[in-house]
Amino acid sequence: MTDQWKYVKSTFKQEGIASRFLGEERKLRVYLPPGYQELLSYPVLYCQDGDDFFRLGRIATITNYLILELGMEPIIIVGVGVKKSIRTQEYSPQGRRFIPYTQFFTQELIPYIEEKYPIRTAAEYRILAGDSLGATVSLHLALDYPDLFRNLISLSGAFFPSTQKRIKQEDHLSDLRIYMLVGLDETQVETPAGTFNFLEINRETKELLIQRQASVQYIEKPGRHIWGFWQKEIPNALMYYFSNHIHHLTE
């Protein structure tokens, strides 16, 4: 175990990127896969709530296992930090920092990462991941910048009426591919904006996406609106995108 953790640490970087749109430096966590070589090129996974994906979601440990033990394609992971005090302002479409955040993401973060690391730059090789409002901002990024993003992992997305209205503005979303998870116990989720039935809003959003020909992998399982639930699904979500021959792991 000690050697394994040393190996994980050797493929993990913490850095920051100055943003003129946000008016501050944004912290990043970057995972480089086992056997990483600058002469190769890699798909990339961008995670909102980057600290949570690494600490609570254990995404680096999970990804190492999938690559080394199950033969998943090596990927680079970028965890984008966020201050909890302004998270809603950046991730909610009604937030005063929402537009600056999407500008940061598309005009500063993507060029920075793709210049520094050997990333495959076609849209199909970029995957966005987010939980709750992190899934919300990820979906809006995919809708607003289809030339950049076509793939999304949504963990109990907070797809409120404004997001559903945004989906309805699209005639077709045949280039969008989304992995959606929601818990059967998420019928009364307390948020700063009120208490919501996440199960129902995810079912509604799934139908809106399917009506517009999006490719939707939709999963409902017993679970609550917590990382203990989402973490268990991360292996399946990663294998869905990065394995050519295995889409779901046996439980």
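This text walks through a predicted model of one protein chain, from its overall form to its spaces and then to single residues.

Start with the fold as a whole. The secondary structure of the protein chain comes to 9 helices and 10 strands. The C-alpha trace spans about 45 × 45 × 35 Å along its principal axes. The radius of gyration of the protein chain is 17 Å. A compact globule of 251 residues would have a value near 18 Å, so the two agree.

Burial and contacts come next. Of the 251 residues in the protein chain, 55% are buried. Take the contacts between residues at least 6 apart in sequence: 72% of them join residues at least 24 apart. The accessible surface of the protein chain comes to about 11,600 Å². Carbon and sulfur atoms account for 49% of that surface.

Now the enclosed space. How many cavities of 30 Å³ or more are there? The count comes to 1 cavity. The largest cavity holds about 40 Å³ of space. Its lining consists of Leu-45, Phe-53, Ile-59, Ala-129, Ile-153, Leu-155, Ile-234, Ala-237 and Leu-238. Two elements give two or more residues to this lining: strand 6 (151-155) and helix 9 (227-242). Helix 9 supplies the largest share, 3 residues. By class, the lining has 9 nonpolar residues, with no polar and no charged ones.

The open space has another make-up. About 370 Å³ of space lies in the largest pocket. The largest pocket is lined by 24 residues. Those nearest its centre are Arg-87, Thr-88, Ser-132, Leu-133 and Pro-192. Helix 4 (87-91), helix 6 (133-144), helix 7 (161-168), strand 8 (189-191) and helix 9 each give two or more residues to the lining of the largest pocket. Helix 9 therefore has a part in both linings, since it also gives residues to that of the largest cavity. By class, the lining of the largest pocket has 9 nonpolar, 9 polar and 6 charged residues.Two of the helices that line the pocket lead on to single residues. Thr-136 is found in helix 6. Is Thr-136 buried or exposed? Thr-136 is buried, because its relative accessible area is 1% and buried means under 20%. Beyond its neighbours within four places in sequence, Thr-136 is in contact with Tyr-91, Pro-93, Ala-158, Phe-159 and Thr-163.

Ser-92 sits in the loop between helix 4 and helix 5 (98-116). With a relative accessible area of 11%, Ser-92 is buried. Residues up to four places away in sequence aside, Ser-92 touches Phe-98 and Leu-133. Leu-133 is also one of the residues nearest the centre of the largest pocket. Which distances link Ser-92 and Ala-158? In sequence, Ser-92 and Ala-158 are 66 residues apart. In space, C-alpha to C-alpha, they are 8.9 Å apart. Ala-158 also appears among the contacts of Thr-136.

Leu-208 belongs to helix 8 (residues 198-211). Leu-208 is buried, at a relative accessible area of 10%. Leaving aside neighbours within four places in sequence, the contacts of Leu-208 are Gln-164, Ile-167 and Lys-168. Lys-165 and Leu-208 are 43 residues apart in sequence. Their C-alpha atoms are 9.7 Å apart in space.

The last stop is the backbone. Most residues other than glycine have a negative phi. Which sign does phi take in Asp-49? Phi of Asp-49 is positive, near 50°. Asp-49 lies in the loop between strand 3 (44-47) and helix 2 (50-55). Its relative accessibility is 2%, so Asp-49 counts as buried.

Arg-58 is not a glycine either, and its phi is positive at about 55°. Arg-58 is placed in the loop between helix 2 and helix 3 (59-70). How does burial stand for Arg-58? Arg-58 is partly exposed, with a relative accessible area of 38%. Asp-49, by contrast, is buried.

Methods. Residues numbered from 1 in each chain as written. Predicted model: local features only at pLDDT ≥ 70, side-chain atom pairs only at ≥ 80, totals over all residues. Heavy atoms only, no water. 1 Å grid on protein atoms, 1.4 Å probe; cavity = no way out; pocket = protein on both sides within 12 Å on 5 of 7 lines; lining within 4 Å. Points joined across faces, edges and corners; volume = space filled by probe spheres on them. Helix = DSSP H or I, 4+ residues; strand = E, 2+ residues; numbered from the N terminus. Nonpolar A, V, L, I, M, F, W, Y, C, P; charged D, E, K, R; others polar. Buried < 20%, exposed > 50% of the residue type's maximum accessible area, 1.4 Å probe, protein only. Contact = heavy atoms within 4.5 Å. Rg over C-alpha atoms; globule rule 2.2 N^0.38 Å. Areas by Shrake-Rupley, 256 points an atom, 1.4 Å probe, with all protein chains shown as cover.
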